[in-house]
Protein chains: 2
Amino acid sequence: MGLREQKKQATRAALSWSAIRLIVERGYDRVLTEDIANEAGVSPRTFNNYFSSKAEAVASRHLDRCLRVAEVLRARPADEPLWDAITEAVLSQFEPGPEVIEHPPLDREAWSAGLRLMVAVPALQAEFLRAAASAEIALAAAVAERTGTDPETDIYPKLVASAVLSASNVATQQFIGRNGQPVDVKQLHIDALRHLSTGLRPPD
Amino acid sequence: MGLREQKKQATRAALSWSAIRLIVERGYDRVLTEDIANEAGVSPRTFNNYFSSKAEAVASRHLDRCLRVAEVLRARPADEPLWDAITEAVLSQFEPGPEVIEHPPLDREAWSAGLRLMVAVPALQAEFLRAAASAEIALAAAVAERTGTDPETDIYPKLVASAVLSASNVATQQFIGRNGQPVDVKQLHIDALRHLSTGLRPPD
DNA sequence: GCAAAACCTGCGGGCCCCGCAAAGATGCGG
DNA sequence: CCGCATCTTTGCGGGGCCCGCAGGTTTTGC
């Protein structure tokens, strides 16, 4: 990868991270695209060369996470049962990355509250969902590769990808909603994926 | 319901329908909110009293459809097996309504092409997904009622609602993508839902 | 080194969306 | 039947978002 591409990725990440940080601190409509650009050290015009909207910048990190699930799934041993591999791939995204360890939120409570306000903004909800939907293709391809199905004509891989991502959404929302220690994000995901792989049978 | 409320619903429907028709004909960015308002016989300012964005107006019909699935599910006999009831509820939304019968598209081919362009607009994709997510709550409530689970604390009903809606998305996309007679929308949905209710087992 | 390609930036403008306050429509009780 | 309280519609104004375009600047491949 050339130097050019590296800088681009760095700028892109800086913009997305600045957007999230500022919006969690101040609220969505009190942050201008100009503020985000300044924070990342580029001109306002450049912001829109990287993202076609403020919302897309925020959702960009989410998109990356979803794409990494597909990547990890591909790297899992081929003889591992499908749903075990999927579960591991999904869980792998909840290990805190190096960036979060470097920049620990000073006030964890305030950050949490800001996050909750952020994910309540309609424009962002929509964009988060779209990000997941974009990753669906990559995830479906990984599933297809593993199950020997055709990602174009067969509906199965897309169905699995779509169900997994939406199950993850439900689990995450459950976690954010009850912002308590009583439940663990990972355990919520394990339960949700087990439901999926066992046919979503009603209790009784 | 008072006369006041009736008129509001009529205006809302007229705006949404005008938005869709104009955008399918001309393309998303060649339709101004002003055009939509004029078409529906209200002032431009009033448009934004009903919808907070152009995209939301378009997705409004989709939201209604999703909500009706929950409604139909509630009306199904209580002793019917869950997945049979869900399947019937979903399929019920593909019966052409009275409005479509009244206003048959003059050129079916052009309409199809316009539709395909429309659903490719990122802002609309996002808003369609958000509409489905909104309906998820109502659908989860209907599932909870039927299975005797708690829609607040238990993850099961939300999981089912979310999986059903995303499966429907996949089926619909499959249908739009291959715009051919070889496959039937209803059959695609039946297959997708059966996959869900049987644990998304990989073939073999 | 050097040309070609890619990128950043400022400018300009169209459009979207909202707050506000006045005018109009509607339903209710007397 | 009428006035009154309430909800709705509308015009105006403005802040902000996003994009096309064209210029200068940096990176790449040779």
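**Protein contacts to DNA strands C and D**

In this predicted model, a backbone N or O atom of A:Arg4 lies 2.7 Å from a phosphate oxygen of DNA strand D. That is a polar contact, defined as a pair of N or O atoms within 3.5 Å; within protein, one must be able to donate a hydrogen and the other to accept it, and residues adjacent in sequence count only if both atoms are side-chain atoms.

Chain B also reaches the backbone of strand D. A backbone N or O atom of B:Ser43 sits 2.9 Å from a phosphate oxygen of DNA strand D. A:Arg45 goes for a base instead: an N or O atom in its side chain is 2.5 Å from a base oxygen of DNA strand D. The elements giving two or more residues to the surface near this strand are H1 and H3 of chain A, together with H1 and H3 of chain B. Helices (H or I, at least four residues) and strands (E, at least two) are DSSP runs, numbered from the N terminus. H3(B) gives the most to the surface near DNA strand D, with four residues.

Now take the whole surroundings of strand D. They hold 20 residues, and A:Arg4, A:Arg45, B:Arg4, B:Thr46 and B:Asn49 come nearest. Sugar and phosphate make up 68% of the atoms of DNA strand D that come within 4 Å of the protein. A residue is near a molecule or strand if one of its heavy atoms lies within 4 Å of it. By class, the residues near strand D are five nonpolar, eight polar and seven charged. Here Ala, Val, Leu, Ile, Met, Phe, Trp, Tyr, Cys and Pro count as nonpolar, Asp, Glu, Lys and Arg as charged, and the others, Gly among them, as polar.

Turn to strand C. It is surrounded by 19 residues, the closest being A:Thr46, A:Asn49, B:Leu3, B:Lys7 and B:Arg45. Of the atoms of DNA strand C within 4 Å of the protein, sugar and phosphate account for 70%. The residues of this surface divide into five nonpolar, seven polar and seven charged.

Individual contacts fill in the picture. A polar side-chain atom of B:Lys7 lies 2.4 Å from a phosphate oxygen of DNA strand C. For A:Thr46, a polar side-chain atom is 2.6 Å from a phosphate oxygen of that strand. B:Lys54 uses a backbone N or O atom, 3.2 Å from a phosphate oxygen of DNA strand C. Helix H1 (3-26) and helix H3 (44-50) of chain A, with helix H1 (3-26) and helix H3 (44-50) of chain B, each give two or more residues to this surface. H3(A) supplies the largest share, four residues.

Residues are numbered from 1 along each chain as its sequence is written, while chains are lettered from A and ligands numbered from 1 in the order in which they are written. Local features need pLDDT of at least 70, side-chain atom pairs count only at pLDDT 80 or more, and totals for chains, interfaces and linings use all residues, with side-chain values using heavy atoms and leaving out hydrogens and water.
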